[in-house]
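Visitor: I'd like to know what the words in a structure description really stand for. Could you show me with an example?
Guide: Sure, here it comes.

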Amino acid sequence: MKTLFSFILIFGSACHFVLAQSASEKQAVIRPGELWPDSEGVHINAHGGGILFYEGVYYWFGEHKTAGRMGNRAMVGVGCYSSTDLVNWKNEGVVLTVDAEGSGSDIEKGSVIERPKVIFNEKTGKFVMWFHLELKSQGYDAARTALAVSDSPTGPYVFEKSLRPNPKTWPLNFDSSWKEKTITEHALESWSDEWKKEVAEGLFIRRDFESGQMARDMTLYVDEDGKAYHIFSSEENLTLHIAELTDDYLDFTGKWAVIEPAGHNEAPAVFKQDGKYYLITSGCTGWDPNAARSFAADDLFGPWTALGNPALGEGAELTFDSQSTFIVPVQGKKDAFIFMADRWRPQNAIDGRYVWLPIKMKDGRPILEWMEEWDLSYFD
Ligand code: GAL
């Protein structure tokens, strides 16, 4: 017993030493898939994240996970970290806090809050956060998007509402004859060619026409003209929707389009280079990784051209064991974009890792190659 006690003491102080050391040491490189200590030496807790650049500082927002399988639920809220070099991150704390269990709030403790993204509205001076929300005890059935707003990048963000976007409006790229179709959800065998054709011709859009469209995995994108777009997995995750936000970013304008109907895409992430838009997504296999996909378009509302799996080399078929969440434009460097992805650890959610890799362009396609470690000089 005594030996065990001394062992714990020695081991404990050794751990403390290691933590204290790493807390004081600046990090020089990004190590995809490894533990990523913040300025206190604690692994960053901001999963399914996105990055906002505001007044010289990068802010990384993400799901604050807790230990164990339950840790995939929103037990705490949305976390935020700040950095000036994209490598060394300071914990800014929980910026959107869940409401008390039993409160009946949409964001009560135990709900699911995923993939939060924050954009800054120049006109209103507000920081606008949208995220994927699943209501408590309803699995993934609610499929809602939700809004929280703050006066400062580091919060507190105040929850405003959750909704299903674009009720009673048709997408732009939708044949008017499809509006009148009467075929219903269970009339055909799922995944048959006829069924996929019907999905592409609005089977689920018509089903959800009155209530609004489902919204799960999501990202936000602000174009050079200040217009913002919300891109999300809809129609039972079968089709991505891209929807324009109002000028204050607090609502949808009702202008929207489908991307890859029946293409089964999740985890959308967008960037723009030389006037062209690029989209990287994943397939739909839950927490398990799969092969990423990429697309390009001259207009955000499409048409989008499929460019295949951007990942190359060993591990490409599982996107190096990760799933996209965001693409970071590196400030002050031309054509410098970072693919930001999650390596989920669903059994112990807090242990999830981050895979960040530079995006290369080759023959008009975005390319991802594995690197054990790298730094921003890669882009010079
Ligand atoms: C993934 C999705 C994650 C999370 C997970 C739950 O497909 O990208 O954000 O929702 O499913 O199983």
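Guide: Let's start with a term: contact means heavy atoms within 4.5 Å. By that rule Leu86 touches Ile30, Trp36, Ile51, Tyr58, Val328, Val330, Ile338, Trp356 and Leu376, leaving out residues up to four places away in sequence. Before we go on, this is a predicted model: local features need pLDDT of at least 70 and side-chain atom pairs count only at pLDDT 80 or more, while totals for chains, interfaces and linings use all residues. Residues are numbered from 1 along each chain as its sequence is written, and side-chain values use heavy atoms, with hydrogens and water left out.

Visitor: Why is Arg343 called buried?
Guide: Buried means under 20% relative accessible area, exposed means over 50%, and partly exposed is in between (1.4 Å probe, protein chains only). Arg343 has 15%, so it counts as buried.

Visitor: How do you know that the side chain of Arg343 makes a polar contact with Phe320?
Guide: A polar contact is a pair of N or O atoms within 3.5 Å; within protein, one must be able to donate a hydrogen and the other to accept it, and residues adjacent in sequence count only if both atoms are side-chain atoms. A polar atom of the Arg343 side chain lies 2.8 Å from the backbone oxygen of Phe320, and the same side chain reaches the backbone oxygen of Asp321 at 3.2 Å.

Visitor: What makes a set of residues a nonpolar core?
Guide: They are buried Ala, Val, Leu, Ile, Met, Phe, Trp, Tyr and Cys residues joined through side-chain atoms within 4.5 Å. The largest one here has 40 residues, and Leu86 is among those with the most contacts inside it. Strand 19 gives the most to this core, with five residues; a strand is a DSSP run (E, at least two residues), numbered from the N terminus. Arg343 is found in strand 19 too, which covers residues 337–343.

Visitor: Which residues are around the ligand?
Guide: They are Glu114, Arg115, Tyr140, Asp217, Glu266, Gly286, Trp287 and Gln323, where near means a heavy atom within 4 Å.

Visitor: How do you know that Asp217 makes a polar contact with the ligand?
Guide: An oxygen atom of the ligand is 2.5 Å from an N or O atom in the Asp217 side chain. For Arg115 the distance from a ligand oxygen to such a side-chain atom is 2.9 Å, and for Gln323 it is 3.0 Å.

Methods: Helices (H or I, at least four residues) and strands (E, at least two) are DSSP runs, numbered from the N terminus.
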